[in-house]
Amino acid sequence: RLANAHLPNLWEFPGGKKLAENDTLPHETLEECVIREAEEELCVKIKINRFYGKIEYAYPDKTVCLHAYLCHITDGIISSPQEIKWVSAKELVLFPFPKANLPLIMALAEGRLSL
């Protein structure tokens, strides 16, 4: 995460916000959002393999709702201005993530969710 972002200088999974009905893509589905964000943030086209689940987490200043998907790249090479690391599911626990991500990280690291 960027230094000037909410919860700065932490690692995070690629993602973003679903566009609201009054934005340029009305009625965007969560799956369309995942595909769009991968193109915008990573410069790749992806296919969604499966939905992992939804996590709601209340920080002192805001509540977030995360939807986790397993995807694979179908076209392109990842490019991003932010640092990217490929690590095993078990290594995820070694990186500082926002607290909302911890249920997903623990499930992956403990093998309760398969990649």
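**Aromatic pairs, nonpolar cores and salt bridges in the predicted model**

Trp 11, with a relative accessible area of 22%, is partly exposed, because this value falls between the limits of 20% for buried and 50% for exposed residues. The structure in which this residue was examined is a predicted model, and the mean pLDDT of its chain is 90, with 94% of the residues reaching 70 or more. Among the elements of the chain, the highest mean pLDDT, 96, belongs to strand 1, while the lowest, 94, belongs to helix 1.

Aromatic contacts were considered next, and a search of the whole structure returned 4 aromatic pairs. In one of them, the ring centres of Trp 11 and Phe 95 are 5.4 Å apart and the ring planes stand at 80 degrees, so the arrangement is edge-to-face. Because Trp 11 belongs to the segment before helix 1 (30–42), whereas Phe 95 belongs to the loop between strand 2 and helix 2, this pair ties together parts of the chain that are 84 residues apart in sequence. Like its partner, Phe 95 is classed as partly exposed, its relative accessibility being 21%. A further aromatic pair is formed by Phe 13 and Phe 97, whose ring centres are separated by 5.2 Å and whose planes differ by 35 degrees, an arrangement that counts as tilted. Here too the segment before helix 1, which holds Phe 13, is tied to the loop between strand 2 and helix 2, which holds Phe 97, and the parts joined are 84 residues apart in sequence. In this pair Phe 13 is partly exposed at a relative accessible area of 28%, whereas Phe 97 is buried at 12%.

Phe 97 also takes part in the largest nonpolar core, which consists of 10 residues in all: Tyr 52, Ile 55, Ala 68, Leu 70, Ala 89, Leu 92, Phe 97, Leu 104, Ile 105 and Leu 108. At least two residues of this core come from each of strand 1 (45–58), strand 2 (63–75) and helix 2 (102–109), and helix 2 makes the greatest contribution, with 3 residues. Apart from this core lies another one, made of 6 residues that include Val 34, Leu 42, Ile 46 and Tyr 69. In soluble globular proteins, nonpolar side chains tend to be buried together.

Within helix 2, the buried residues are Leu 104, Ile 105, Ala 107, Leu 108 and Ala 109, and the packing partners of these buried residues are strand 1 and strand 2. Helix 2 is followed by Gly 111, which has a positive phi near 80 degrees. Two of the buried helix residues, Leu 108 and Ala 109, are in contact with Ala 89, as is Leu 115, when neighbours of Ala 89 within four places in sequence are left aside.

Leu 115 itself is located in the segment after helix 2 and, at 67% relative accessibility, counts as exposed, because the limit for that class is over 50%. Although exposed, Leu 115 touches Arg 50, Tyr 52, Leu 70, Ala 89 and Leu 108, residues up to four places away in sequence not being counted. With respect to one of these partners, the C-alpha atoms of Leu 115 and Leu 70 are separated by 7.1 Å, while the two residues are 45 residues apart along the chain.

Side chains of opposite charge can pair when their charged atoms come close. In this model, the search of the whole structure found 7 salt bridges. One of them joins Arg 36 to Glu 37, with the closest N and O atoms 3.2 Å apart; Arg 36 is buried at a relative accessible area of 13%, and Glu 37 is likewise buried, at 9%. Both residues belong to a network of salt bridges that links Glu 28, Arg 36, Glu 37 and Glu 40. Another salt bridge brings together the side chains of Glu 39 and Lys 45, with an N to O distance of 3.5 Å, and in this case Glu 39 is partly exposed at 36% relative accessibility, as is Lys 45 at 40%. A salt bridge is also present between Glu 56 and Lys 54, where the closest N and O atoms lie 3.2 Å apart, and Glu 56 is exposed, with a relative accessible area of 53%.

Definitions and conventions: Residues are numbered from 1 along each chain as its sequence is written. Side-chain values use heavy atoms; hydrogens and water are left out. A nonpolar core is a set of buried Ala, Val, Leu, Ile, Met, Phe, Trp, Tyr and Cys residues joined through side-chain atoms within 4.5 Å. Buried means under 20% relative accessible area, exposed over 50%, partly exposed in between (1.4 Å probe, protein chains only). Helices (H or I, at least four residues) and strands (E, at least two) are DSSP runs, numbered from the N terminus. Contact means heavy atoms within 4.5 Å. Rings of Phe, Tyr and Trp (its six-membered ring) pair if their centres lie within 6.5 Å; planes under 30 degrees apart count as stacked, over 60 as edge-to-face and the rest as tilted. pLDDT is the predictor's confidence in each residue, from 0 to 100. A salt bridge is a side-chain nitrogen of Lys or Arg within 4 Å of a carboxyl oxygen of Asp or Glu.
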